[in-house]
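The following exercises concern helix packing, aromatic contacts and backbone geometry. Each task is followed by a worked solution.

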Amino acid sequence: MDLPLVVGVDGSEPSLRAVDWAADEAALRRVPLRVVYASLWERYEGSALAPGLGKPDAQVLAEDIVRAGAHRARDRQAGLPISMAALPEEPAYALVREGKNASALVVGNRGRSGVANVLLGSVSLFVAAHADCPVIVVRGSHDNQARVPVHGRVVVGVGEACAAAVRFAAQEAARRTALLYAVRAWRCPAHETIDHPLIAGEPERVYEERAAEALERALRDVPPGVKTRRRTVEGPARGALLAAAREADLLVVGARRRSGHFGLQLGRVTHAVLHHSPCPVAVVPERS
């Protein structure tokens, strides 16, 4: 049986956009959608609800919130198999546990705090850092609607550990009949000079060639039916990926999962794109 796609809801507008995106994604994957609400979410992210629910917090039951999310998904994708769960648990831990039996988790970029300068909610950040399955954080729209893909491009960041991310990105590109756009950033260390015996004359060219070779290795198992484009960029990986994301429908990055490590398992680049990407970001676990 196909594992469901799980979407976390809390009644906020970002979570409703996440429901839209998740319904479209579940339809693309031909898998069921599971709508989950954890009733202790308010402890993390405030009490203001989306105006569309039309009820004060004190009168809104967990079942109302999860039912509203499921109803929205059915309106978005008629005929999509949908299940619901209202869980009396801490939201971050509940969603991470749900991810153990999910094909992917989808969350909004922030919850119900209503604070405009909060770039990424604490629950979304925790889930992206700890889930066992890919986590998609829906970003890139400031109204109450998820955007239909318009760019026909899935961007993947190619780093030192990226096999699972590339595989996921290739699958997403194939589902969308989109271009897989692979980006590898490179920098020439300041201490490397033209006097170095291995790179005499053109140090930058050597580092760029190494980046190009890394791209080729990363993409060698991409199915031949997926159109690909490779780009090496001199400079920080964060800037390269954020620039590429401006013309993408999805940005995919890998995140190492280290057994026995309970801290925030996100690198600086992944952390940056989760906070600043103009499009949805998929964080794919890479096992070390």
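A residue is called buried under 20% relative accessible area, exposed over 50%, and partly exposed in between (1.4 Å probe, protein chains only). Helices (H or I, at least four residues) and strands (E, at least two) are DSSP runs, numbered from the N terminus. The model is predicted, so local features need pLDDT of at least 70 and side-chain atom pairs count only at pLDDT 80 or more, while totals for chains, interfaces and linings use all residues. Residues are numbered from 1 along each chain as its sequence is written, and side-chain values use heavy atoms, with hydrogens and water left out.

**Exercise 1. Describe the chain as a whole.**

Step 1. The chain holds nine helices and ten strands.

Step 2. Of its 288 residues, 51% are buried.

Step 3. Contact means heavy atoms within 4.5 Å. Among contacts between residues at least 6 apart in sequence, 80% link residues at least 24 apart.

Step 4. About 14,000 Å² of the chain is exposed, and carbon and sulfur atoms supply 51% of this area. Such areas follow the Shrake-Rupley method with a 1.4 Å probe; for residues, only the protein chains shown count as cover.

**Exercise 2. Determine how α5 is placed and how it meets α4.**

Step 1. Seven of the nine residues of α5 are buried, so this helix is largely enclosed by the rest of the structure. The buried residues are Val 123, Ser 124, Leu 125, Val 127, Ala 128, Ala 129 and His 130. Phe 126, by contrast, is partly exposed at 23% relative accessible area.

Step 2. The axes of α4 and α5 come within 9 Å and cross at roughly 35°. Axes are lines fitted to C-alpha atoms, for helices over the stretch in contact, with angles from 0 to 180 degrees between N-to-C directions.

Step 3. The crossing of α4 and α5 is right-handed. A crossing has this hand if the near helix is turned clockwise from the far one by less than a right angle, and is left-handed if anticlockwise.

Step 4. On α4, the contact uses Pro 91, Ala 92, Tyr 93, Leu 95 and Val 96; on α5, it uses Val 123, Phe 126, Val 127 and His 130.

**Exercise 3. Find the aromatic pair and classify its geometry.**

Step 1. Rings of Phe, Tyr and Trp (its six-membered ring) pair if their centres lie within 6.5 Å; planes under 30 degrees apart are stacked, over 60 edge-to-face, and the rest tilted.

Step 2. One aromatic pair is found in the whole structure. The ring centres of Tyr 93 and Phe 126 are 5.1 Å apart and the planes stand at 65°, so the pair is edge-to-face.

Step 3. Tyr 93 belongs to α4 (residues 91-98) and Phe 126 to α5 (residues 122-130), so the pair ties together parts 33 residues apart in sequence.

**Exercise 4. Which residues lie over the faces of Tyr 181 and Tyr 207?**

Step 1. A charge sits over a ring if NZ of Lys or CZ of Arg is within 6 Å of the ring centre and within 35 degrees of the ring normal.

Step 2. Arg 153 lies over Tyr 181, at 4.3 Å from the ring centre. Arg 210 lies over Tyr 207, at 5.0 Å from the ring centre.

**Exercise 5. Locate Arg 30 and Thr 177 and state their phi values.**

Step 1. Arg 30, in the loop between α1 (13-29) and β2 (33-38), has a positive phi near 60°. Arg 30 is exposed, at 74% relative accessibility.

Step 2. Thr 177, in the loop between α6 (163-176) and β7 (179-186), has a positive phi of about 50°. Thr 177 is exposed, at 75% relative accessible area.
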